[in-house]
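Got your viewer open? Let's take a short walk through this one, picking residues as we go.

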Amino acid sequence: QVQLVESGGGLVQPGGSLRLSCAASGSIFSINAMAWYRQLPGKQRELVASLTSGGAIIYGDSVKGRFTISRANAKNTVYLQMSSLKPEDTAVYSCNLRNFGINVDTYWGQGTQVTVSS
């Protein structure tokens, strides 16, 4: 089992920055991927950024050039640095971990609210 604890959400003005953190604990496989998803009001959850244990990164089109994902492997923690924030970035951001073994086991954090507003 894996537990994911997110932190760092809050209220920020347009153009501002915010950093989210997600600490993973439990049974984490050596081959895994950690990611951030977000769910905007009234919309489906979408991928924000993903980072594998091998270093491969994927960004959602709407955040490219503004958001940066990174991880501290020794701490099993993934970060999302968000810059040039826009009101349309307002959403619940959730951390996700996938363990790649015989099967792919997926785990989710509880989510953290990010609100971009003046």
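Before the first stop, one term: a salt bridge here is a side-chain nitrogen of Lys or Arg within 4 Å of a carboxyl oxygen of Asp or Glu. Keep in mind, too, that you're looking at a predicted model.

**Stop one: a pair to warm up on.** Select Asp61 and Lys64. They form a salt bridge, with the closest N and O atoms 3.1 Å apart. Asp61 counts as exposed because its relative accessible area is 65%, and the cut-off for that word is over 50%. How many salt bridges does a search of the whole structure find? The search comes up with four.

**Stop two: Arg38 and its partners.** Now pick Arg38 and show its side chain. Buried or exposed? Arg38 is buried, since its relative accessible area is 3% and buried means under 20%. Add Glu46 to the selection: its side chain meets that of Arg38 in a salt bridge, 2.6 Å from N to O. Glu46 has 30% relative accessibility, so it counts as partly exposed.

Next, add Asp89. This residue also makes a salt bridge with Arg38, and here the closest N and O atoms are 2.9 Å apart. Asp89 sits in the loop between β8 and β9 (91–100), while Arg38 belongs to strand β4 (residues 32–39), so the pair ties together parts that are 51 residues apart in sequence. Both Asp89 and Arg38 are buried. To finish this stop, add Arg66: salt bridges with shared partners link Arg38, Glu46, Arg66 and Asp89 into one network.

**Stop three: a hairpin.** Switch to a cartoon view and select residues 67–72, which make up strand β7. Then add strand β8, residues 77–82; the two strands run antiparallel and are joined by six bridges. For one bridge pair, click Thr68 in β7, then its partner Gln81 in β8. Between the strands of this hairpin there are four residues, and Asn76 takes a positive phi near 50°.

Stay on β7 and turn it around. Which residues are on its covered face? Those are Phe67, Ile69 and Arg71, whereas Thr68, Ser70 and Ala72 make the uncovered one.

**Last stop: a patch on the surface.** Turn on the surface and select Ile31, Phe100 and Val104. These residues make a nonpolar surface patch of about 260 Å². Val104 is part of strand β10, residues 104–108. This residue counts as partly exposed because its relative accessibility is 46%.

Definitions and conventions
Residues are numbered from 1 along each chain as its sequence is written. This is a predicted model: local features need pLDDT of at least 70, side-chain atom pairs count only at pLDDT 80 or more; totals for chains, interfaces and linings use all residues. Side-chain values use heavy atoms; hydrogens and water are left out. Patches are made of residues with over 30% relative accessible area and no salt bridge: like charges are joined within 9 Å, nonpolar side chains (Val, Leu, Ile, Met, Phe, Trp, Tyr) within 5 Å. Accessible areas come from the Shrake-Rupley method with a 1.4 Å probe; for residues, only the protein chains shown count as cover. Buried means under 20% relative accessible area, exposed over 50%, partly exposed in between (1.4 Å probe, protein chains only). Two strands pair if DSSP finds at least two bridges between them.
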